Every structure is written in C-alpha cells, then in structure tokens.
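Ready for a few short exercises at the bench of your screen? Try each task yourself before you read its solution.

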Amino acid sequence: MGVPPPTRAADRALTRPRRRTLAALAALAALLAVGGTVAYDLDTPDPAPADAPADEFSAGRAYQNVQAIATRPHPAGSPANDQVRAHVESVLRGLGLETTVQDTVAEEAGQLSGAAAGATLARVRNVVARLSGTDPTGKVFLVAHYDSVQSGPGGNDDAAGTSTILEVARALTAGPRPRNDVVFVLTDAEEACLCGASAFAADHPLAADGGVVLNLEARGSTGPVIMFETSRDNARLVDVFGRAAPHPVGTSFAVEIYRALPNDTDFTAFLDRAGFVGLNSAYIDGGAIYHTPLDTPAAMDRASLQQHGDNALGLAREFGRADLKDLGAGHDATYFPVPGGLARYPGWLVLPLALAALAAVLALGWLARRRGRTTYGRLAAGFGLALVPVVAAPLGAQLLWAGITAVRPGYAELLDPYRPTWYRLAVVALAAAILVAWYALTRRRVGPAALAIGGLGWLAVLGVVLAVLVPGGAYLTTLPALAGAAAGLVALASRIDGPWPVVAVTLAGAVAVVILLPPVVLLFPALGMAMGGIAALVAVLLGLAALPVLDLLHPEAGGQRGMVAARARRAGALPAVAAGLAAVVFAGVGLAVDRFDAAHPVPTHLMYALDAGTGQARWLSRETAPQPWTAGYVDGVTGVGDFPGLGDTELRTGPAQAANLPAPRLEILADTRSGEQRILRVRLTPQRPVRLATLHVDGATVVESATVNGRRVAGGRPADGADWGFGVVFHAPPPEGIEITLVLAGVSRPTMLRAMDASDGLDGIPGFRPRPPTVGVVGSHSSEMLAVARTYPV
Ligand SMILES: [Zn+2]
C-alpha cells in the first residue's frame, strides 16, 4: 500500500508528545483501577470467627464440622461413612430438627457411568432434616453429599457443602421461622453414581412436589464460589441470586460451558425430575487436590467456605420468604459479575443486542471512511488481519502447555498444577505478546482505525454467532463491541484534539475489562491449564476491544512518520519482545516453583485385578504416559474385557502375583423357564469388605429385563463381538449380598455370568511396595482399586 495512511490528523493530534503521554497514562491508570476493582470484587470474604453472631454464617464454626467429617476417606458403604452420617444426624437433631435417614436402593440418575447395557445402583442412606415453615408456598432444599471418594477424605468435596448446610441450619434455627419449608438433604453415594440424590428426588415424600434446590459443591480447595449451573428458564432464580447472595459470582456463560463438559453433581438428579428448579454452586480453584488424599481439612481455604455459607444463608432466607410458585416460569437470563453485584438482562434481548452491536460496528466503519480516517480496502484488511491474534493466541497457549507438559509429564494426570499462578501469567503474557507483535507488524500498513474497527468487527460477529448457538455467552463479545463502536462514533464526532476521543475509548476499554477480565480469571481454574487456550482467547478478545487504548500507549507500533525507520522498528518491537520474554520467564518460574515434592506429589494410578477362577493377576493403570513408579508395575496396553466391571476396554497392564482373595459368591436361588424366556434368580455376596460388586452376562445373551434388590431395571442387548454384555454395577452392597433376577431371551445353552467386586487399597498385595513420599495418588474413582472376579457358568 503506497498511499500514506489516512490517519494523519489523529496522529498529529495525539503525537504532541506531552499530551499523548498524559492521555495514555490517564487511560492506563483508569483501566488498571477498573481491573483492580474487578479482581477485588471476585475475591473471597474474610472468614468469620467461631464467636460470630448467632444469626450469621461462621466459617470458624463450620470448619469444626469439616474436621469432624473429613478425618479419612468415607465412600458410600464404608464404616467411615457410617460415622460421618452419625455425626451429621446428631448435629441436625441437636438443632431440634425433625431428622430421618432415607435407607434405600437407587439407580443412577441419567445413566452417566453405567455399562452401555445395564444398570448402576447403590444402597444409599440420605440424612434428611426439615425446618417447617409458617405458611409454606413450597420447599427449599439445601443439598450436599456427605460421602467422599475412596482415594481421599473429601476435606473440600464435599465436607465444604455438608458443613455449610449444617451451619446454615444452625443459623436458620437461631432466627425466626421461615415462611416456606426448608429441607436439609445430605446425600450418600454422590461419588459413586449420584444415587443418593436420585433416590431422594425420585422416592422421598418431601420431594414429591418438587421445589427450589440449592446444591453446594467443591471441586478444589480455594477461589471464589461460582454459581455455575441453573435449571432452565432461570431468570427469576438468577434475580433472587443477584439480590440475596452477598457475593454473587456467576455467569450465564458458565452454565453453557458446564452443559458441554462431562461433569455431573447431585443437581443433575434433581433436574432430571419435573418440579425442581435451582442453583448449583462450587468453588473450583486449587483443583490439583481434587479427589486425592490431599483433599484434607487443612487444604481448605476458609474464605471460600465463608462465601459458600454467606451465599447459601442469604439464598435460604430469601427463598424461605418468597412465593415459590412459578419460579421456573419465563426465560433464561444473561448475567455476569460486575463490581458490587450481578448484572442481568432477559434472554430475549440477546439477539437484538448482538445485531445492534454488528450494526454499530458497520456504521463506525462507514463513518470512519467518510471522515477520511480509513478506506474500505483498509477496513477489509483490518478485519482479515484481526483474525490472526484470535487464532494465534489460543494456539500459542496450547503449544506452551504442551511444551511444559513435555518437560513435566506428571501434569498430564492433574486437573491443574499445584501452583498454577505463574503458568496462568505466562499464558496471559503470551497472549499479550502475540497481540502486540501483531499490532506492531500491521499498524503502519493498515492504520489504527481499520485495525480497531476490524477487531470490533470480530467481537460483533462472534456476538451474533454466540447469540444463536450459546446465548448465555453472547454478552462476552456483544457488549464490548457495542461499547467500542459507540466510543468510536463519539471519537469521530468530536474534535480530534479535544479530550473526548480519549475519554470515549477509555470508557469502552473499561467496559471490556469489566466484561472480559472475570472470564479470563475464572476460566483458568474451570478448565485447567490443559485448556489454557480458551483463557488466552478471551484475553486476546479483551485486548482487541481495548485496541485504541493500546494505540495511545504504544504509538511507536509499526513506526511513526518522522522517526528514523530503524529506531522506529526497534521501538515498535520492544513491547512484543518484552511480553514474549515475560511469558518465557513466567513459564520458567512456574517450572521452578511447582516442582513435585512430598507435599505436592506426582500423581500415579494403579489398580490390581485378580481372576480367582484362573489364579491370574495383573497390575492395571489408567496413566497415559506412566510415571517411573507406575512403570515398575505396568508396561504395554492390553485388553481388559475380562473385567467388564471396570468399564474399560484397554488399560496399561503388567503381570502380578496372585493374592489369596475370594471372588464374590454366586448362588442360584431359582432357575425357571416360561416359553422362550429363562428366569434366573441369583444372589451375589462379596466375601470380603468391598465398595462395589458387579455382575455381567455373556455377550451372546439378550437380557430382556432385570430386577436388582426389588428394583426393576432396563434390560439390554450386548454389543457385537464383546465377551460380556448386560451388567449390573452395585455400589455399597449390603453384607447379605444383592439379589438379582435376570429375564433372559431364548437361551438353550449354559449362560456365563462374570462376578466381580472391588475394595480400596493395595497394601498387603504381594509385590506391592508403598509409594515413596514424592509419589502420590491420582484423584479418580478407581485409584488403588483391588478387583477380584470369577466366571460362573449357569
Ligand atoms: Zn467429588
């Protein structure tokens, strides 16, 4: 492009060095102040001491329950879980609440982890306490699970939710009675199969008419409590959340992300049933300890506990006094945190706003050209080129993390590093480096106006795409695009050497910071470093929205007329080089700071599987690239189809010595034929303390239906070629065993049944050597599992 950029007037006005420097510093100071306010607003409150007033939530008091609950792993069915249940019951009874235990067998909600053909069930014992309202219009359910995983004591997951509910119950009983019934539901077997929540929602008399569910979780040890999931048509609920929760952190974008992730909580079991609406909240930072032995009370950030409690108590009081009818009527709202509260607007505004933003950006481009600030050619170039950082920054962040994981392979098994801050800063610095380098390379040729409008163009286009596909996330780009276009129009309409252009672009930059800084901060813990590219993408969108401010700060980008070309190039490249260097340094500091040691052990995964019929035993691991410790047990990947109860087809395996352990016993209680059907009634009884027992039918047999401990479950046709088909997975089996009735179709040969059970802990298995201190256990539902199986021909 030989024509000089049509930006002379602007450059002349703003390159009076003193004025430009002052304007740049003022704009920077304003944006830093806004950013600081946003970060402060997302911070957790100070924990209240144990002697806080009786009608308030105290993290100090709640923490005493955390310590009582999370002394050791307490999965559903374990003696340790019996003790936790007894504690929870006694606390609720001590408050004078009508407290009962729902003891039943329940099937998994929504068939999440069960066999493709078959059923997953558990024996559950939910603790349910009720505070009767004075004039109820409905019920409010406070829900958390008191069981933990087998691999850790659940100091956060979910002693946080359980203890929060116990302290909220105390605060509510200390004050005047609410108008509506408040029901405290401490569920069992969430970790196994959400079966406790499923049993309560489906079968408990108090759940018959539905109500408002507030589910409390923790998937980490620290950070703000995020309200990350709602029932559909959430506008009225979100409105209460914004008014009644003292620290309302939540965004409609999180709801959309969460729907796309394979996670589930007890909340799912309620949403599966008609009549329930509600909100799901958790803190999620510090995810490295999730489901591991390190999830202890000591690991808990009591500020996060305080926020959980402040919000839960505020919401319980408000839903306790509100008219609960028609809470789920209406539409989905768009909402997001802003300093001092929760901004929200109705969902029907999403598409009109997105279209308005697009129209405003188009109008800006048209006016900028008319005023001689750019040309259509340059606008087209600006739009095309603005895509470069949008693609390059996420890609760069993913490559950076791939590089770091290559240096430290143990990260592959962690949700997030133990100390992720330096890595997060490295990703942000890398995104900044890419954006600034791109700006330095393109500004001279295309001009600042065309690049700024091109960036706003992508924000506006993304806003329309999101409005159609992911409406709850459209605000992220629509509002900055709208603010940026409005600022551009103001700047074009004002005197070029007056203060208004700077004020306008700074205000638009501030809007972008308020909207886009929280997702950058929250996406890192939500998705982990392995998906740091998403946070980098949002960071670059923030940079594009604030491009005119960047231009004020960095007029040398691409070189200024009148400067010596070589000097200009050097000055233009400086910020990009500095940011790139910062990214490298931050990544290096991260690697130096976050080493694996005894307090931050490298996660490893090991299981043991014994076939008691053949006497063959194997070590198994789910690690993708085994750590040296694990490699002492397993080598290549082999099929594990003979252990259908594990739910895997292939795992890393290695030979093991056979332990002297019994398989579950299978007794035939009845075997009858009626027409084309064979009806087989069996009892499966573990011969040792186990966490779960499974029974699978051979892959040639069609199971028409089945009954498990009196509960009818759907049958199933086996997948082609699989050795084992229909299966029952039963968590927390009672000592007397499980009675299963199978209705088999057209069987005239012996049927094979494969029985398996599994306990936790590998100590005492021949050949197992305890881990050295720097080697830890992966947070998973199968770490340290000891499975024993046997085939029974019947
Ligand atoms: Zn969990």
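Below are four tasks on this predicted model, each with a worked solution.

**Exercise 1. The zinc site**

Find which residues coordinate the zinc ion, and decide how its site should be classed.

*Solution.* Start with the donors: Asp-157 (OD), Glu-191 (OE), Glu-191 (OE) and His-291 (NE2) coordinate the zinc ion at 1.8 to 2.7 Å. Next, take the angles among these four donor atoms, which run from 53 to 148 degrees. Four donors count as tetrahedral if all angles lie between 85 and 135 degrees. The site of the zinc ion is irregular. For reference, the ideal angle for four tetrahedral donors is 109.5 degrees.

Now turn to the sequence, where the donor residues are spaced D-x33-E-x99-H. Glu-191 lies in helix H6 (residues 190–193), while His-291 lies in the loop between strand E7 (276–285) and H11, so this pair ties together parts that are 100 residues apart in sequence.

**Exercise 2. Backbone details**

Look up the peptide bond between Asp-157 and Asp-158, then the phi of Ala-189.

*Solution.* The bond that joins Asp-157 and Asp-158 is a cis peptide bond, with omega at about 5 degrees. To place it, note that Asp-158 sits in the loop between strand E3 (139–145) and helix H5 (159–174). Asp-157 is also one of the zinc donors.

Ala-189 is not a glycine, yet its phi is positive, at about 55 degrees. Ala-189 belongs to the loop between strand E4 (181–187) and H6. Helix H6 is the one that holds Glu-191.

**Exercise 3. H8 against H11**

Work out how helix H8 and helix H11 pack.

*Solution.* First the geometry: H8 (residues 235–244) and H11 (residues 302–321) pack at about 125 degrees, with axes 9 Å apart. The two helices are therefore oblique to each other. The crossing of H8 past H11 is right-handed. Then the contact: H8 supplies Leu-237, Val-240, Phe-241, Arg-243 and Ala-244, and H11 supplies Gly-314, Leu-315, Glu-318 and Phe-319. Sorted by class, these residues are six nonpolar, one polar and two charged.

**Exercise 4. H14 against H18**

Repeat the analysis for helix H14 and helix H18.

*Solution.* H14 (residues 421–446) and H18 (residues 532–545) pack at an angle of about 45 degrees, and their axes are 9 Å apart. That angle makes H14 oblique to H18. H14 passes H18 in a right-handed crossing. From H14 the contact takes Val-427, Ala-431, Leu-435 and Trp-438, and from H18 Gly-532, Ala-536, Ala-539, Val-540, Gly-543 and Leu-544. The class count for this contact is eight nonpolar, two polar and no charged residues.

Key: Residues numbered from 1 in each chain as written. Predicted model: local features only at pLDDT ≥ 70, side-chain atom pairs only at ≥ 80, totals over all residues. Heavy atoms only, no water. Axes fitted to C-alpha atoms, helices over the stretch in contact; angles between N-to-C directions. Helix = DSSP H or I, 4+ residues; strand = E, 2+ residues; numbered from the N terminus. Parallel < 35°, antiparallel > 145°, perpendicular 65-115°, else oblique. Left-handed = near helix turned anticlockwise from the far one by under 90°. Contact = heavy atoms within 4.5 Å. Nonpolar A, V, L, I, M, F, W, Y, C, P; charged D, E, K, R; others polar. Donors = N, O, S within 2.8 Å, 3.2 Å for Na, K, Ca; no water. Tetrahedral: all angles 85-135°; square planar, octahedral: opposite > 155°, others 65-115°.
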